[in-house]
Amino acid sequence: MQPALSVSDLSDRSRIIFRELVDSFLTTGTPVGSRTLSKLGSLGLSPASIRNVMQDLEELGLLAAPHTSAGRIPTERGLRLFVDGMMQVAQPDARETALIDREASTSGAPLEEVLSRTTAALSGLSQCAAMVVVPKAEPQLRALNFVPLAPGRVLAVLVGMDGSVENRVLDLPPDLPAAVLAQAENYVNARLSGLSLTAASGRLRQEVAANRAELDRLTADMVAQGLAAWSSDGARPILIVRGSAHLLDSGDLDRTRLLLEELEAKEEMARLLDQAREADALKIFIGAENKLFALSGSSVITAPYRGADGRIVGVVGVIGPTRLNYARVVPIVDFTANRLSRLMS
């Protein structure tokens with residue numbers, strides 16, 4: 001593995017040539033030669049001088065030559081250096097922000113529909129496939145029942161207000177009195193029915209702490225286990241993907257086919273975006289930095305959005321070829337995440 005590089009490791013001349021080359025590549029999508037860079041005028045260098053610098057950059061692993069006689073393109077390592085240390089972000093213009101603002105408004109529509117519209121707008125603006133992870137709809141508790149299976153094992157049956165049913169096997173002390181099961185059921189059904197799982201767990205903790213619950217510690221632990229088992233093993237977040245057709249414009253049909261196949265693996269994509277939820281800010285995955293897209297050589301830009309309590313509830317992002325206009329797409333994704341946070345709150 002090559003050692004990490006920072007912009008400060010490059011000379012002024014190398015830094016300027018590298019930035020100009022990456023900017024040109026991201027604009028045209030084609031290899032950039034020394035003669036093209038010399039014509040920019042701002043460098044004031046001959047093609048031969050530029051070629052020498054490009055050779056040095058190639059030896060550092062920042063550039064690659066796709067063909068023997070062609071110009072150079074930035075490697076994934078080079079793109080990472082550019083994104084982290086050289087990119088000058090352009091703010092979304094008024095038209096772009098107005099479009100996202102319009103779609104990310106409630107207007108009485110269901111949340112999933114609003115998120116779908118917003119994702120479609122993001123896809124159109126970025127010319128990438130856009131994705132959003134819809135927050136899990138936390139079920140409201142209707143009833144909790146415990147069914148003994150064997151000494152030390154109990155089946156917790158949780159019924160939601162929407163009719164959903166979840167069954168989980170709990171490991172409990174083998175000498176647990178039968179009366180404890182009945183007491184736990186009665187407590188949940190009388191005091192916690194109609195609450196979300198988060199609210200139910202919170203009320204239980206408060207009442208136990210204040211010694212108001214008519215439960216002993218063992219019963220309280222049982223109820224808490226039952227609620228936690230359900231809330232930690234719910235359905236996976238819903239993933240919405242819009243604008244996959246934009247990927248066909250990348251020019252590399254083989255890689256595009258791989259990318260589309262990867263997008264079909266929505267469960268894997270949801271897992272990727274779930275990982276992005278752990279980040280407090282926007283994240284950029286370039287090519288092989290994420291195993292899911294290592295073969296297709298794609299980039300993923302994600303940003304979390306938050307609920308009314310400030311906690312991260314979902315992720316929005318785009319996916320496309322590594323030759324993205326990062327300076328333009330990154331702020332659009334970030335702006336969209338901010339507007340979804342405002343929507344959720």
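**Exercise 1.** Is D101 buried, partly exposed or exposed, and what is its relative accessibility? Find out also which residue D101 forms a salt bridge with.

*Solution.* The model is predicted, and the values used here are computed from it. As a starting step, recall that a residue counts as buried under 20% relative accessible area and as exposed over 50%, with partly exposed in between. D101 has a relative accessibility of 26%, so D101 counts as partly exposed. The next step is to look for the partner of D101, which is R342, with the closest N and O atoms 3.1 Å apart. This pair links distant parts of the chain, since D101 belongs to helix α5 (residues 94-103) and R342 to helix α12 (residues 326-344), 241 residues apart. The partner R342 has a relative accessible area of 52%, and therefore R342 is exposed.

**Exercise 2.** Determine how E113 and R117 are placed in helix α6, and which residues are linked with them in a network of salt bridges.

*Solution.* Begin with the helix: E113 and R117 are four residues apart in helix α6 (residues 111-126), so about one helical turn separates them. Side chains of opposite charge can pair when their charged atoms come close. In the salt bridge between E113 and R117, the closest N and O atoms are 3.5 Å apart, which falls within the 4 Å cut-off for a salt bridge. Turning to exposure, E113 counts as partly exposed at 41% relative accessibility, and R117 is partly exposed with a relative accessible area of 24%. Finally, the network of salt bridges links R102, E103, E113 and R117.

**Exercise 3.** Work out the order of the strands in the open sheet that contains β5, and explain why β4 and β6 each have one side without a neighbour in the sheet.

*Solution.* The open sheet is formed by three strands in the order β4-β5-β6, and their pairing is antiparallel. Because β4 (141-150) and β6 (165-171) stand at the edges and each has a single partner strand, one side of each is left without a neighbour in the sheet. From one strand to the next, the twist averages 20°. Strand β5 (residues 153-160) is joined to β6 by seven bridges, and V154 stands opposite L170 in β6. A salt bridge also connects the side chains of R153 and D171 (3.1 Å, N to O); R153 lies in strand β5 and D171 in strand β6, 18 residues apart. As a last step, note that helix α7 (residues 178-192) lies across β4 and β5, running at about 170° to β4.

Technical notes
Residues numbered from 1 in each chain as written. Predicted model: local features only at pLDDT ≥ 70, side-chain atom pairs only at ≥ 80, totals over all residues. Heavy atoms only, no water. Pairing = 2+ DSSP bridges. Helix = DSSP H or I, 4+ residues; strand = E, 2+ residues; numbered from the N terminus. Axes fitted to C-alpha atoms, helices over the stretch in contact; angles between N-to-C directions. Contact = heavy atoms within 4.5 Å. Buried < 20%, exposed > 50% of the residue type's maximum accessible area, 1.4 Å probe, protein only.
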